[in-house]
Amino acid sequence: MTARILDGKALAQTIQEEIARAARELKEKHNITPGLATILVGDDPASHIYVKNKGRACEKVGFFSKSIILPQITSQQYLTELIGELNANPAIHGILVQLPLPQHIDENSIINAVHPEKDVDGFHPVNLGKMVLGREDYFLPCTPFGIQMLLARSGIETQGRHVVIVGRSNTVGKPTAIILMQKAAGADATVTVCHSRTKDLPAIIRQGDIVIAAIGRAEFIKADMVKPGAVVIDVGINRIEDFTKKSGYTIVGDVEFEKVKEVASAITPVPGGIGPMTIAMLLFNTLKAAKKTII
Ligand code: NDP
């Protein structure tokens with residue numbers, strides 16, 4: 001059996017077209033253009049690519065986008081004040097601070113500085129708390145939201161199924177577990193979360209009807225760890241040296257794609273799986289934030 005490829009890039013494109021239509025309607029009916037501000041501190045090359053892609057995606061769907069790039073030496077006070085200004089700016093509906101921040105800046109206090117109603121990344125404790133409570137008046141973190149959306153729109157049932165998540169980060173593993181265990185449509189799963197201290201990890205992964213890999217280790221999940229017919233979602237983005245490429249590297253996921261696709265019933269590729277879905281959900285959240293300002 002060769003797995004069905006879950007094309008996150010194509011689905012993200014469809015979702016972006018829907019968002020573009022909704023943005024046009026918002027403009028026509030209420031004269032509101034959704035606005036996203038992205039802040040990048042320092043010169044991490046991967047972060048620069050992510051921020052550029054997010055800005056480009058905003059333009060494509062007709063949003064206003066403001067990209068602020070600050071030097072590595074930016075102080076915490078300056079960044080906090082800047083966020084305060086963006087919180088007060090009515091043209092900006094969403095604020096995204098690209099993580100990681102330089103070590104001298106306290107990430108938690110910066111996340112807390114973003115107004116919860118502009119926290120389109122869904123990392124503010126108010127939004128995370130509402131997510132745990134299963135409320136709808138909040139923003140879901142973009143990558144976990146993208147995973148849920150991809151499963152739902154690909155017709156993959158989660159209700160009653162055993163989802164095994166490898167990784168427990170606050171940005172991916174943990175929120176994905178909470179979202180998929182909610183008593184709700186597109187959720188209702190039985191969830192197991194694994195991490196680096198989990199004993200006999202392969203045996204647990206093999207129990208998964210749906211396996212979600214958010215580890216950050218190149219091709220960690222092998223074919224013999226996956227139950228035949230399972231659905232495999234690969235969140236990992238790992239750069240490995242590849243001198244045949246102009247860039248000098250290749251991007252691979254946390255799953256050994258070529259072998260696992262012979263065992264799974266469906267699988268996401270890397271790139272072209274969860275990455276584009278994450279950006280689509282950022283746009284979705286920004287549109288939602290803009291709609292909330294309708295008087
Ligand atoms: P973190 O490093 O924050 O978390 C990794 C998790 O994997 C931790 O919970 C860790 O366990 C666990 N882990 C590490 N090694 C092992 C192991 N040998 N066995 C079992 N568990 C292990 O990473 P993130 O969650 O931020 O990201 C995960 C991956 O997803 C990365 O490749 C990242 O680049 C990618 N990513 C992709 C996104 C997208 O848009 N597609 C968005 C965000 C991230 P422990 O807690 O015990 O340390």
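The dialogue below covers a ligand site and a surface patch in a predicted model.

Visitor: What kind of model is this, and how are residues numbered?

Guide: The model is predicted, so local features need pLDDT of at least 70 and side-chain atom pairs count only at pLDDT 80 or more, while totals for chains, interfaces and linings use all residues. Residues are numbered from 1 along each chain as its sequence is written, and side-chain values use heavy atoms, leaving out hydrogens and water.

Visitor: How many residues surround the ligand, and which are the closest?

Guide: A residue is near a molecule if one of its heavy atoms lies within 4 Å of it. Here 22 residues surround the ligand, and R168, S169, S196, R217 and T278 are the closest.

Visitor: Which ligand atom is 2.7 Å from the side chain of R168?

Guide: A polar contact is a pair of N or O atoms within 3.5 Å. An oxygen atom of the ligand lies 2.7 Å from an N or O atom in the R168 side chain. For the side chain of R217, a nitrogen atom of the ligand is 2.9 Å from an N or O atom. A polar backbone atom of I237 is 3.0 Å from a ligand oxygen.

Visitor: I237 again: which residues form the nonpolar patch with I237?

Guide: Patches join residues with over 30% relative accessible area and no salt bridge (a side-chain nitrogen of Lys or Arg within 4 Å of a carboxyl oxygen of Asp or Glu); nonpolar side chains (Val, Leu, Ile, Met, Phe, Trp, Tyr) are joined within 5 Å, like charges within 9 Å. Accessible areas come from the Shrake-Rupley method with a 1.4 Å probe, and for residues only the protein chains shown count as cover. I49 and Y50 join I237 in a surface patch with about 260 Å² of accessible area together.

Notes:
Polar contact = N/O pair within 3.5 Å; in protein donor to acceptor, adjacent residues only side chain to side chain.
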